[in-house]
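Visitor: I should like to be guided through this protein one step at a time. May we begin by looking at the sequence and the structure together?

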Amino acid sequence: YNVTGTINHLVYSGQATGTLTIAAFVPAGSGTALDPYRITRVEHLAWMGDTVASSSGKYYTVQNDIDASDTTNWYGWAGFAPIGTDSGAGMPFTGIFNGNGNVISQLYIDRPSLDYVGLFGEVGIGGVVRALGLEGGSVIGGSYVGSLAGQIGSGLGGGTVSNCYATGTVTGSYVVGNLAGMNFGGTVIRCYATGPATVHGDFVGGLLGYAATATLIDCYATGPATGTNYAGGLL
């Protein structure tokens with residue numbers, strides 16, 4: 001890895017293997033409503049994943065569009081590690097994330113053996129994600145897979161996503177939606193998805209793979225949804 005230097009007349013014969021270690025950068029801000037964490041680069045999102053256990057009540061705001069295409073090289077080409085996981089593991093995202101109308105483009109995740117996969121593994125009780133676009137990219141996971149979130153809500157309620165959209169490709173083995181895999185007691189308002197969603201098993205939708213005791217308002221999907229059983233254009 002050469003940052004600033006110059007290499008001349010380099011000859012290499014052999015094989016190199018390894019895993020790229022990601023430096024999670026701490027964003028500016030203190031996480032309060034008046035001084036939110038200011039997200040300006042994809043490494044700030046990685047830091048959110050590292051600190052998700054303390055996200056409750058914290059505020060995050062995206063300052064600009066973020067090019068996430070370098071995530072194709074992360075963690076031995078497994079790509080971005082989702083921010084949080086399911087409530088059963090005790091680490092859903094429970095902060096307030098304001099995309100500010102900005103776009104995260106070309107996010108890449110290739111973790112077929114991992115459940116709860118997306119930019120957020122789970123948006124749990126008290127968690128809010130709003131005004132964010134996810135353009136292009138590819139998300140591959142196991143069960144509960146979506147571009148924005150693997151799951152919204154915890155079954156006990158909570159979790160709100162509003163004014164968000166996704167256009168990339170999503171693939172998984174069970175409960176897959178282009179925006180989010182599962183809405184389990186959460187609320188989704190004014191969101192849409194245009195990319196394809198594919199499940200190798202059951203439950204797939206253009207927007208959500210599965211919804212239970214959930215609220216869905218003013219949403220649509222235009223992408224294809226492909227699966228074995230329980231497939232729908234919307235959910």
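Visitor: In which strand is the place of Tyr 144?

Guide: Residues are numbered from 1 along each chain as its sequence is written. This is a predicted model, in which local features need pLDDT of at least 70 and side-chain atom pairs count only at pLDDT 80 or more, while totals for chains, interfaces and linings use all residues; side-chain values use heavy atoms, without hydrogens and water. Helices (DSSP runs of H or I, at least four residues) and strands (runs of E, at least two) are numbered from the N terminus. Tyr 144 is found within residues 143-145, that is, in strand S9.

Visitor: What is the phi of Tyr 144?

Guide: Most residues other than glycine have a negative phi. Tyr 144 is not a glycine, yet its phi is positive, at about 65°.

Visitor: What is the order of the strands in the open sheet that contains S9?

Guide: Two strands pair if DSSP finds at least two bridges between them. S9 meets strand S14 (residues 174-177) in the parallel sense over two bridges. The open sheet has four strands with parallel pairing, and their order is S9-S14-S19-S24.

Visitor: Which residue in S14 is the bridge partner of Val 145?

Guide: S9 and S14 are joined by two bridges. In one pairing, Val 145 has as its partner in S14 the residue Val 176.

Visitor: Which strands stand at the edges of this sheet?

Guide: The twist from one strand to the next averages 5°, taken between axes that are lines fitted to C-alpha atoms, with angles from 0 to 180 degrees between N-to-C directions. An edge strand has a single partner strand, so one of its sides is left without a neighbour in the sheet. The two strands in this position are S9 and S24 (229-232).

Visitor: Which element gives the largest share of the largest nonpolar core?

Guide: A nonpolar core is a set of buried Ala, Val, Leu, Ile, Met, Phe, Trp, Tyr and Cys residues joined through side-chain atoms within 4.5 Å; buried means under 20% relative accessible area, exposed over 50%, and partly exposed in between (1.4 Å probe, protein chains only). The largest core here has 48 residues, and Leu 45, Phe 97 and Phe 120 are among those with the most contacts inside it. Elements that give two or more residues include strand S1 (37-39), helix H1 (42-50) and strand S2 (59-62). The largest share, five residues, comes from H1.

Visitor: Which residues does Gly 99 touch, not counting residues up to four places away in sequence?

Guide: Gly 99 lies in strand S4 (residues 96-105), and Gly 99 counts as buried because its relative accessibility is 0%. A contact means heavy atoms within 4.5 Å. With sequence neighbours set aside, Gly 99 touches Val 62, Arg 130, Ala 131 and Leu 132.

Visitor: How many salt bridges does the count come to?

Guide: A salt bridge is a side-chain nitrogen of Lys or Arg within 4 Å of a carboxyl oxygen of Asp or Glu. Arg 38 forms one with Asp 35, with the closest N and O atoms 2.8 Å apart. Arg 41 forms one with Glu 43, where that distance is 2.9 Å. The count comes to two.

Visitor: Is Glu 43 buried or exposed?

Guide: Its partner Arg 41 is partly exposed because its relative accessibility is 37%. For Glu 43 the value is 16%, so this residue counts as buried.

Visitor: How many residues apart in sequence are the parts that the pair of Tyr 192 and Tyr 220 ties together?

Guide: Rings of Phe, Tyr and Trp (its six-membered ring) pair if their centres lie within 6.5 Å; planes under 30 degrees apart count as stacked, over 60 as edge-to-face and the rest as tilted. There are 14 aromatic pairs, and that of Tyr 192 and Tyr 220 is stacked, with 5.0 Å centre to centre and 0° between the planes. Tyr 192 lies in strand S17 (residues 192-193) and Tyr 220 in strand S22 (residues 220-221), so the separation of these parts, in residues, is 28.

Visitor: What angle lies between the planes of Phe 203 and Tyr 210?

Guide: Phe 203 is buried, because its relative accessible area is 15%, whereas Tyr 210 is partly exposed at 31%. Their pair is edge-to-face, with 4.9 Å centre to centre and an angle between the planes of 65°.
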